Amino acid sequence: IMVSLYVVIEFFCGSLMFSYWLGCAAKKDLTTVGDGNPGAFNLWSAAGPKIGILGVFLDFTKGYFPLVVLIEGGYVHGFAIIPVAIAPIIGHVFSPFMRFNGGKGIAATFGVWSAVTRFHASIVYALILAVMEIIYKMSGKPASSNADGFIVVFGMWILSLYLVAEGYPAYILILWLVNFMLLAYTNRSKLHKFF
């Protein structure tokens, strides 16, 4: 019963569309900017780095807190972590505040993996994305949001190799799989265009 309550709390935290609301405060409707994604990275390009950084921080935080409190406090452990940890990402992707049509869930994903692996996996994922971005730029192809979508999803796939190599338990690998499928889903149109 407590796990169900934690899932509801986490979903609610994830559904808080901080970046979209910051965009509204800056008189920018993120659903009409760039790829129409109401998330932190679109906020950055629409309203500039200052508000963008705040959006990234808040979207990261809703994935990180209260998850880190629940895990470090021993309230959830083992396989119970899976639904609790994935809930804020699902909340962001299917936010009731956006008529269940939310963001891509990237910043929230970083928050979740920071809480679940004490920043290890999120730092590795950030490095993977940075290296892939550099390789893509060196290839001479023009920057595009479709390429970014591919990098986010393929980078998450590469992260699984690190998780297996480091011997993370099965519940972490299941969490990764669900997260991977969510990112593939939210980036499906970009992946389709990229290929």
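Here's a quick briefing on the fold, the packing and one surface patch of this protein. Keep in mind that the model is predicted. In short, the protein has 11 helices and zero strands, and its radius of gyration of 16 Å agrees with what a compact globule of 195 residues would have.

**Fold**
- Reading from the N terminus, the elements go α-α-α-α-α-α-α-α-α-α-α.
- That makes 11 helices, with zero strands in the secondary structure.

**Size and packing**
- A compact globule with 195 residues would come out near 16 Å in radius of gyration, and the protein has 16 Å, so the two agree.
- If you're setting up a box, the C-alpha trace spans about 45 × 40 × 30 Å along its principal axes.
- Of the 195 residues, 48% are buried.
- Take the contacts between residues at least 6 apart in sequence: 66% of them join residues at least 24 apart.

**Surface**
- The protein exposes about 9700 Å².
- Carbon and sulfur atoms supply 71% of that exposed area.

**The patch at Met2, Leu5 and Ile9**
- Met2, Leu5 and Ile9 make a nonpolar surface patch of about 260 Å².
- Leu5 sits in helix α1, which covers residues 2–15.
- Is Leu5 buried, partly exposed or exposed? Leu5 has a relative accessible area of 43%, and partly exposed runs between the 20% and 50% cut-offs, so Leu5 counts as partly exposed.
- Patch residues need over 30% relative accessible area, so Leu5 clears that bar with its 43%.

Key:
Residues are numbered from 1 along each chain as its sequence is written. This is a predicted model: local features need pLDDT of at least 70, side-chain atom pairs count only at pLDDT 80 or more; totals for chains, interfaces and linings use all residues. Side-chain values use heavy atoms; hydrogens and water are left out. Patches are made of residues with over 30% relative accessible area and no salt bridge: like charges are joined within 9 Å, nonpolar side chains (Val, Leu, Ile, Met, Phe, Trp, Tyr) within 5 Å. Accessible areas come from the Shrake-Rupley method with a 1.4 Å probe; for residues, only the protein chains shown count as cover. A salt bridge is a side-chain nitrogen of Lys or Arg within 4 Å of a carboxyl oxygen of Asp or Glu. Helices (H or I, at least four residues) and strands (E, at least two) are DSSP runs, numbered from the N terminus. Buried means under 20% relative accessible area, exposed over 50%, partly exposed in between (1.4 Å probe, protein chains only). The radius of gyration is taken over C-alpha atoms; the globule rule is 2.2 Å times the number of residues to the power 0.38. Contact means heavy atoms within 4.5 Å.
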